[in-house]
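Thanks for asking me to look this over. My comments follow as numbered points, to be read alongside the model.

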Protein chains: 4
Amino acid sequence: MRILMIGDVVGRPGRKAVREVLPALLQEHRPDLVIANGENAAGGNGITPDTAGELFASGIDILTMGNHVWDKREALTLLEEEERIIRPANYPPGTPGRGYNLFEVKEGLKVGVINLSGRVFLPPLECPFRLGRQLAEELRAETRVIIVDFHAEATSEKVALGWHLDGLVSAVVGTHTHIQTADARVLPGGTAYITDVGMTGPRDSVLGVKTEIIVHKFLTQLPARFEIAGGVIQLEGVILDIDPSTGRAAGIQRVQHYCNP
Amino acid sequence: MRILMIGDVVGRPGRKAVREVLPALLQEHRPDLVIANGENAAGGNGITPDTAGELFASGIDILTMGNHVWDKREALTLLEEEERIIRPANYPPGTPGRGYNLFEVKEGLKVGVINLSGRVFLPPLECPFRLGRQLAEELRAETRVIIVDFHAEATSEKVALGWHLDGLVSAVVGTHTHIQTADARVLPGGTAYITDVGMTGPRDSVLGVKTEIIVHKFLTQLPARFEIAGGVIQLEGVILDIDPSTGRAAGIQRVQHYCNP
Amino acid sequence: MRILMIGDVVGRPGRKAVREVLPALLQEHRPDLVIANGENAAGGNGITPDTAGELFASGIDILTMGNHVWDKREALTLLEEEERIIRPANYPPGTPGRGYNLFEVKEGLKVGVINLSGRVFLPPLECPFRLGRQLAEELRAETRVIIVDFHAEATSEKVALGWHLDGLVSAVVGTHTHIQTADARVLPGGTAYITDVGMTGPRDSVLGVKTEIIVHKFLTQLPARFEIAGGVIQLEGVILDIDPSTGRAAGIQRVQHYCNP
Amino acid sequence: MRILMIGDVVGRPGRKAVREVLPALLQEHRPDLVIANGENAAGGNGITPDTAGELFASGIDILTMGNHVWDKREALTLLEEEERIIRPANYPPGTPGRGYNLFEVKEGLKVGVINLSGRVFLPPLECPFRLGRQLAEELRAETRVIIVDFHAEATSEKVALGWHLDGLVSAVVGTHTHIQTADARVLPGGTAYITDVGMTGPRDSVLGVKTEIIVHKFLTQLPARFEIAGGVIQLEGVILDIDPSTGRAAGIQRVQHYCNP
Ligand SMILES: [Fe+2]
Ligand SMILES: [Fe+2]
Ligand SMILES: [Fe+2]
Ligand SMILES: [Fe+2]
Ligand SMILES: [Fe+2]
Ligand SMILES: [Fe+2]
Ligand SMILES: [Fe+2]
Ligand SMILES: [Fe+2]
C-alpha cells in the first residue's frame, strides 16, 4: 500500500498548494492514504475548524500537529470532536484530543498513525522514546502499518527515534523544521525514515514567513508581527510504500512540487 | 570555477571517507578548491594538528569549524598558526585564530571563505547577520568569490542568513546538523544556498555516534561516553559552480558517496 | 548619597504599591534618587506612556527595563522621547532608546545609570561583560557614582558581572527573577552587589501572575492568558549608600514592604 | 520538630564548612534531622562514596542531589546502595537510586524526603508537579512530615511548585542556583517555602568556582577547566520548625554562617 505524507501546511498559500497540487499527486501516485501536518494551517499558527475542513475537502485524510497545536483557541474543542486530527501523544494525561488513532483505509486494512513531539529545544512533554515504543506495540495488536510523525527540532533526537522504532513501525517521518532533508531511506529493520519531510507553503520565505520580517528580527532582536510570504508555493512530502501484511516499508520517495500563488 | 564543500568530518571514519572517496570526486568534478568542515575531525569532537594534517594530505584545501572548535586544547595554538583553518568569525574580539581568509586558488583567482556560527540554541557570539554582511563587503574589495559556512542549528536562522547575504556572496552553505537537506538552489541574487551539506562519517549512527549510546541517553537522561559508530561510511557535500568574474553561482549540486569501513 | 532601587513593578498592583509605599520610604530613608525596573509596569508586560507617567508622578526618578521592554508597541516611541527610561544597553546598534544615561541629582552631583541584559537563557544581545565595562569606563569621566541594573536569569552570570565591575561602579543590582536574594553586600573593590532586588507586585502569586494559571500551565503545557494576581502587595528593593566623591558603596540594605490591594 | 536543610555543598571547602560549622549549629538549634544537598560535594561536580561518607561523618543525616548527580561514575552504584542519598525522583523509570525515602528520626517519628528536579532550562525529566503531588500523597500514608528539595533554575517553576504542594507537605525548599533567596515564609496551607536555600562553599566565587575563570569564560566563550575558589567559606541553609502531628510548618528561618578556609 501507499501513503503520502505532506509537510507542515503553512497558512493560505499552503492550503492553496494542497488544493491545486494534490489532485495531480493523487492521480500519479494513487496513495491509499494522505496525511498532512497541519500545525501551521491557520494563518501560520495553529488550526481551526475552517482550515481543517478546507484541507479535508482537498483530499487530506488525516492531520497531524506539533508545537503550534494550541495556538488557536478553537483547537481545544476541534481536537476533541474531530478524530481525523491528532496531536503529539506525549502531551500530559488529560490533554484534549488524541495522540494516535487507527484509520480504516479499506476493508480489512487499518493504518495506525502516531504523532509525537521532540523535547530537545521544545517543551518538556513525556518521553517520546518510551511512549512511542509503547504506543507502537499497542497498535501492532490491530495493524502492522503504523506511521509516526515525529515533530522535533534536533536532528539527533529525530534520527535516534528512527532507530529506536526501526522494525516496530512502518515509517518515522520528521516534521517541524520546514526544510526537507535528503536522508530518506528504509532502515535495516524495515522502517522508512526521513529527518524532515519539509514544508508546504511559500517557497521564497523563511519557513513560510516574509523574509524581511525574520531578517529584521534577527538583526534587531525586536518583536515582530509575522506575515505569510507571497510568491511561488511549494508542496513537500514523501511517498511511502508499505507491505500491508508485514508493515515493512519497501520504499520512501521525496516529493517537491510547485504552483503559482 | 568549481568548489567542493564537504560536511562535518566525524572522527576516524570521516577522515577515512575523505581519504578514500575524495580522489574519485576530484577526478570526476575537478574542483578548484576543496573545503571541509573539520569541527568533529578528532575523535568526534574538535581538531588536532594530526587530524588536520591528515585531511590536508588527503586533498582538503581549507577547514572550517563550528561549536566544537575548542574541544581539543591543541586547537588554541593550531588555529593561530595554521591559516588554512578558520573558526566562526563571530567569536568575541581576541579569540585565537581567524574567522575568514582569502585563498589564492590560481594566478589571479582568490576565494574568500567566511565561517560563522548561529546563535539560536547555541552560545551568544556576535551577530552573524551584521558581521557576515560586513565581512562579505570587506572581502569583496579583494574578490567576488566568497563562500560562507554557516554553522547553525535552527533552520530559520540559516535560511534567513542565506537571504540576507543573497547577491553579496557566492554561497551560503549550512553545517552542524549532520543531516543533508534537500533545498539546495541558487537564490535570485545569485547566491547558492543549502541549509545543511550533511556529514562525512558513519552512516548507521546518530550524527556519527553509536546509535545505542544516544538512544540510551534519551531514554535514561544519564550522561554517556560517546563512541564513533562503525559500518558503512558516507561522504556528503555540495559542488558549487561559480562565475569567477561576478561571483554569482551558476549551480549547486548535492553529493552523497559511500565507502566501506 | 543614598539611592533607592526598586524591583520589577508588575501591573496595576505594582504601581499601587509604589504610590502607597514610596512616600513613607522617601521620608524614612531620604534617598537622593529613586530608580525602579519598569519592564512589567503595563499589565505585567512592557511599559506605556501612561504607566510610566504614573510611576514618575509617584516619585520614581528613573525607570530601567529588561526583556519585556518592547512588549507594548508604544515603547518604541516612548523610549526615544523619554530620557528617564533606559533599556538594556546591549541591544544591537540602531535600537530605539538609550541603554544608559547621566542624571543630575543635585548641583554638581551626577549619577550614571546603566541597564544591561544577561544572555544566559535570554536573547543573544551584545556581550554585557565587555559593554558593561566599556560604558562604566566612559561614564567615569563624568561621575564616580554609577548604578548598573543587570537584568538576567542565571545566578552565575549575575554574580560574575558583579565581580567583573567591582571597583568600577558603585553598584550592580540584579533584576528579572522577581525573587529578592539574600546576598546583598559590598564587594572588596567597593561595589554594592545583590543578585536580585525582587519584585513590586502581588505577593501571593507566581512572579505577579495568578498562581492557578501558572500551575495549570506547568501541569498541562497548554498556552494560557496571564492575569495579574490580587491580594497583599509587596514592594521590594535595596537602599544603596554611596560616597559621591569616590563612588564607593558604603552599604546596601534590602527593603521589603507590604500594602493592601 | 526541627529540621536543618543545608544548601549545595561545593567541593572540599563546602565539606570543610559542614565539618566546622555544623557542630555549633547542632548545639544552638538542636535539629532532629539534618539534610544537605550534595550534588557538588565531590570537587564541585557530583558525589563519591568518600565525599558522602565525610558528610555523613560530619553530622549530615540525608543527602539530596540535583542535575550533577551522575557527574561521578561511582554515583551509579553509590545511590543504589546508600539509602541516605536520594536523587531527583522524576528521572525516568529504571534510573539507579531512589527519589524519595522515609527516615525514622526517633521512635514513632518518620520524615519523608522527596527530591525533584525542575525542567525549565534543565533536562526533560518527568513532570515534577504531577509526580511531586503523587509522591506527597503516598508518603502521607506514613507520615505528615514531608520535606521536598526542589532542585530547579527558574523562579517561576519553584514558586509554582511551592503553591502546588502547599498544605500537602511540610516544606518546599529550593536548591541549584547557589544563591540564597530572601523569600522564606510559611504559605497559607502550612507549607514552609524558600526559592533557594543557597550554597555551602567559598563565598568569594561564582557559585563556588574561581571568579576569574567564569568571568573569562563569559568574555571569551572558550571552554574552561573549573577550579574551586579559596577564601572565606559560607554555610547556608534554613531551619524548619514543623508540628509533627499535622506536618504543618510553624516557621522557616534562614541561616548564613562563615568559617576560615
Ligand atoms: Fe511547523
Ligand atoms: Fe513546529
Ligand atoms: Fe558537527
Ligand atoms: Fe556543530
Ligand atoms: Fe520582570
Ligand atoms: Fe525580565
Ligand atoms: Fe549545585
Ligand atoms: Fe544543580
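1. Is B:H178 buried or exposed? In this predicted model, B:H178 is buried, at a relative accessible area of 7%. Its neighbour in the metal site, B:E39, is also a donor of the iron ion (ligand 3), and B:E39 is buried with a relative accessible area of 1%.

2. Let us look at that iron ion in full. Ligand 3 takes its protein donors from B:D8 (OD), B:E39 (OE), B:N40 (OD1) and B:H178 (NE2), at 2.1 to 2.2 Å. The angles subtended by the four donor atoms run from 88 to 166 degrees, so the arrangement is irregular. Along the sequence, the donor residues follow the spacing D-x30-E-N-x137-H.

3. Here is how that site connects the fold. B:E39 sits in the loop between β3 (33-37) and α2 (49-57) of chain B, while B:H178 sits in the loop between β9 (171-175) and β10 (185-186) of chain B; the pair therefore ties together parts that are 139 residues apart in sequence.

4. Now the second iron ion. For ligand 4, the protein donors are B:E39 (OE), B:N67 (OD1), B:H151 (NE2) and B:H176 (ND1), again with distances of 2.1 to 2.2 Å. Its four donor atoms subtend angles of 86 to 150 degrees, which makes this arrangement irregular. The tetrahedral label requires all angles to lie between 85 and 135 degrees. B:E39 bridges ligand 4 and ligand 3, and the two iron ions lie 3.5 Å apart.

5. Ligand 4 also links distant parts of the chain: B:N67 is in the loop between β4 (62-64) and α3 (75-81) of chain B, and B:H151 is in strand β8 (residues 146-151) of chain B, 84 residues apart. As for accessibility, B:N67 counts as partly exposed at 26%, whereas B:H151 is buried at 0%.

6. A word on a hairpin in chain B. Strands β6 (residues 100-106) and β7 (residues 109-117) pair in the antiparallel sense over six bridges, with B:N101 standing opposite B:V113. Two residues separate the strands, and B:G108 adopts a positive phi near 80 degrees.

7. Finally, the two chains. A turn of 180 degrees, with a shift of 0.0 Å along the axis, lays chain A on chain B with an RMSD of 0.0 Å. That is the relation of a two-fold axis. In chain A, the C-alpha nearest the axis belongs to A:T181, at 1.9 Å. Of the interface residues of chain A, 100% are also interface residues in chain B, so the copies meet through the same surface.

Terms used. Residues are numbered from 1 along each chain as its sequence is written. Chains are lettered from A and ligands numbered from 1 in the order in which they are written. This is a predicted model: local features need pLDDT of at least 70, side-chain atom pairs count only at pLDDT 80 or more; totals for chains, interfaces and linings use all residues. Side-chain values use heavy atoms; hydrogens and water are left out. Copies are superposed by least squares on the C-alpha atoms of residues with pLDDT of at least 70 in both. Contact means heavy atoms within 4.5 Å. Donors are N, O and S atoms within 2.8 Å of the metal (3.2 Å for Na, K and Ca); water is not among the atoms, so sites may look incomplete. Four donors count as tetrahedral if all angles lie between 85 and 135 degrees; four count as square planar and six as octahedral if opposite donors are over 155 degrees apart and all others between 65 and 115; anything else is irregular. Helices (H or I, at least four residues) and strands (E, at least two) are DSSP runs, numbered from the N terminus. Buried means under 20% relative accessible area, exposed over 50%, partly exposed in between (1.4 Å probe, protein chains only). Two strands pair if DSSP finds at least two bridges between them.
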